[in-house]
Amino acid sequence: VKWRSTDLIIFLAMPFTVNVKWGKDIFKDVTIDTEGTVEDFKAQLFSLSGVAPERQKIMVPRSGQLKDGTSWDKYKLKDKMTIMLMGSKAEIKAPEKETVFVEDLPDATPFMIDHQPGLMNTGNTCYLNSTIQALSVVPPLQKSLIRYAKENGNDRVANHLGNLLNILEQKNEPFLPLGMFITTMRQVYPQFDERGPNGVHMQQDAEECFSLLLQSMKNVPGLRGSGDIISDLFEGEYAVTSSCVECPEEKEVTIEPFSKIPVHIDAETSFLQSGIKNRMSEHITKTSSILGREAIYEKSSKISKLPFYLPVQFVRFFWRQDKNLRAKICKPVEFPQRLDMFEFCTEELQNKLAPNREAISKAEEKALNIKKGHEKKSEEPETEALANTDETMEDVDAGAALDNDTGFYELLAVVSHQGRSAEGGHYVAWVKRDAETWLLYDDDKVSVIPADDIKKLTGHGGADWHIAYLCIYGSLRKQELMPDL
């Protein structure tokens with residue numbers, strides 16, 4: 001195992017678990033992440049108590065009042081201590097319209113939904129429910145799985161998942177059970193059949209579930225009639241260069257496929273892009289064929305092929321030996337609604353993407369000038385451009401050029417985890433509906449939320465609020481980004 005100094009920080013600066021007393025209420029086992037700031041902790045208490053950070057007064061025993069901008073080492077913290085929170089909630093205006101879940105509609109109301117139904121939690125199955133809902137943002141995958149199931153494909157997991165998706169597609173019920181799919185999943189992958197002392201199925205890792213589902217779906221034929229559906233939709237390629245530090249003439253370039261990008265979180269990781277960049281260059285040790293012994297190599301990776309859909313995993317769990325569990329790294333990491341992967345690409349791929357990016361930039365500049373009145377809008381018919389856009393979306397299902405021609409991606413879905421360890425907590429899925437709203441899939445409960453709520457999943461709310469664990473980005477192609485001129 002290779003370690004970096006920044007990796008070691010996470011293990012040494014362990015979080016504290018404290019109790020917070022607020023009036024008559026006590027919030028137990030609240031995590032203080034000493035790698036975070038006092039402001040981060042106040043945001044966490046806000047999510048628990050509803051007391052806005054600017055109205056909070058926090059008293060730490062033998063240390064006095066907790067103040068913004070101070071370092072945690074100024075306070076005498078210890079596990080299981082009780083700290084005091086003082087402050088009242090601001091008066092909150094009731095919403096004009098109360099949130100109504102579809103299953104709460106009266107019987108006389110005709111049932112009709114315009115989204116995929118929820119899924120019942122049959123005992124710690126939120127990890128699976130949220131993963132299935134997140135994959136709903138990939139229509140070509142769903143169609144291929146349904147077709148595979150109708151043709152009675154050989155892979156049992158993919159077959160039963162296709163049957164489940166076929167029922168979900170009908171939208172006849174507000175929520176559905178997992179049915180035979182969960183039984184088959186546990187038979188094929190026995191780790192998901194693990195039970196606790198009380199006989200109840202245990203919580204599982206949503207990312208592991210996602211990866212194993214992709215593994216099963218590699219048996220589903222590709223959109224072009226050859227290959228497989230996962231390679232068509234999710235597979236990208238790295239051009240990896242390994243150079244011996246002591247013997248520069250020993251250099252090797254290999255192509256390595258990938259179906260998701262991991263973002264490892266250390267003390268310096270505050271943005272998704274920096275997390276990706278940190279792992280693009282690293283030092284490894286292996287045997288040198290020229291030197292005839294172990295040597296240090298500089299390994300650098302660049303993306304030579306962008307996938308059409310890009311899953312990004314935040315690596316938030318690590319093994320904590322003293323508590324014998326996989327603890328959670330709650331450090332906030334910002335992630336964008338629009339992701340630009342251009343800087344991570346090979347020079348050859350950048351040259352391929354550059355003309356489209358330049359055309360988009362010029363069109364956006366022209367659109368801005370038109371808006372300001374500096375230019376007149378073209379009176380030429382735009383039917384050709386519109387037709388090209390329509391064809392582009394149809395081509396995804398037909399299996400034509402499934403490539404990203406700009407380097408830009410848009411965020412389509414998020415699987416978040418709420419809790420302090422991989423063995424517990426709760427997973428939900430957040431699925432983009434349109435520019436203004438998203439759908440929150442909390443097992444059988446489905447609600448419409450404002451798009452801005454996705455910005456709250458970065459980790460500033462602490463372990464007791466939802467933190468993004470897996471994001472699915474979809475390609476933004478040239479036709480989709482060109483403004484209407």
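Which residues form one aromatic cluster with F41? Select F41, W72 and Y75 together: those three make up the cluster. Before going on, keep in mind that you are looking at a predicted model.

**Stop 1: the cavity beside F41**

Stay on F41, as it also turns up in a cavity lining. The whole-structure search gives two cavities of 30 Å³ or more, and the largest has a volume of about 130 Å³. Of the 16 residues lining this largest cavity, the ones closest to its centre are D33, D40, F41, Q44 and G462. Now colour helix 2, residues 38-49: with three residues, helix 2 gives the most to that lining. Colour the lining by class and you should get five nonpolar, eight polar and three charged residues.

**Stop 2: the second cavity**

Next, select I132, L135, L141, Q142, L145, L161, L165 and M217, which line the second largest cavity. Its volume is about 50 Å³. By class, this lining has seven nonpolar residues, one polar and no charged ones. Helix 4 and helix 5 each supply at least two of the lining residues, with helix 4 holding the largest share at three.

**Stop 3: helix 4 itself**

Show helix 4 as a cartoon, running over 139-150. How far apart are its end C-alpha atoms? They are 17 Å apart; at 1.5 Å a residue, the twelve residues should span 16 Å, so the two values agree. Add side chains for the buried residues of this helix, which are P140, L141, Q142, S144, L145, I146, Y148 and A149. L141, Q142 and L145 are among the residues you just selected around the second largest cavity. A reminder while you look down the axis: an α-helix has 3.6 residues a turn, so residues three or four places apart point the same way. Then step past the end of helix 4 to N152, which has a positive phi, near 55 degrees.

**Stop 4: the largest pocket**

Helix 4 leads to the next selection too. The largest pocket holds about 770 Å³ of space. Of its 32 lining residues, S136, V137, P139, V431 and K432 are the closest to the centre. To frame the pocket, show the elements that give two or more residues to the lining: helix 4, helix 5 (156-170), helix 11 (383-398), strand 17 (408-418), strand 18 (426-432), strand 19 (437-442) and strand 21 (467-476). Which element gives the largest share of the lining? Helix 4 does, with five residues. Colouring by class here gives 15 nonpolar, six polar and eleven charged residues.

**Stop 5: charges over rings**

Strand 17 starts at residue 408, so to speak a handy jump-off point. Select F408 and R338: R338 lies over the face of F408, at 5.6 Å from the ring centre. For another such arrangement, go to K286, which lies over the face of Y297 at 4.8 Å from the ring centre.

**Stop 6: one aromatic pair**

The structure holds ten aromatic pairs. One of them is F308 with Y309, an edge-to-face pair with 5.2 Å centre to centre and 75 degrees between the planes. Are these two rings' residues buried or exposed? F308 has 5% relative accessibility, so it counts as buried. Y309, at 7%, counts as buried as well.

Terms used. Residues are numbered from 1 along each chain as its sequence is written. This is a predicted model: local features need pLDDT of at least 70, side-chain atom pairs count only at pLDDT 80 or more; totals for chains, interfaces and linings use all residues. Side-chain values use heavy atoms; hydrogens and water are left out. Rings of Phe, Tyr and Trp (its six-membered ring) pair if their centres lie within 6.5 Å; planes under 30 degrees apart count as stacked, over 60 as edge-to-face and the rest as tilted. Buried means under 20% relative accessible area, exposed over 50%, partly exposed in between (1.4 Å probe, protein chains only). A charge sits over a ring if NZ of Lys or CZ of Arg is within 6 Å of the ring centre and within 35 degrees of the ring normal. On a 1 Å grid over the protein atoms alone, a cavity is a set of points where a 1.4 Å probe fits but cannot get out, and a pocket is an open set with protein on both sides within 12 Å along at least five of seven lines; lining residues have an atom within 4 Å of a point. Grid points are joined across faces, edges and corners, and a volume is the space filled by probe spheres set on the points. Helices (H or I, at least four residues) and strands (E, at least two) are DSSP runs, numbered from the N terminus. Ala, Val, Leu, Ile, Met, Phe, Trp, Tyr, Cys and Pro count as nonpolar, Asp, Glu, Lys and Arg as charged, and the others, Gly among them, as polar. The expected span of a helix is 1.5 Å times one less than its number of residues.
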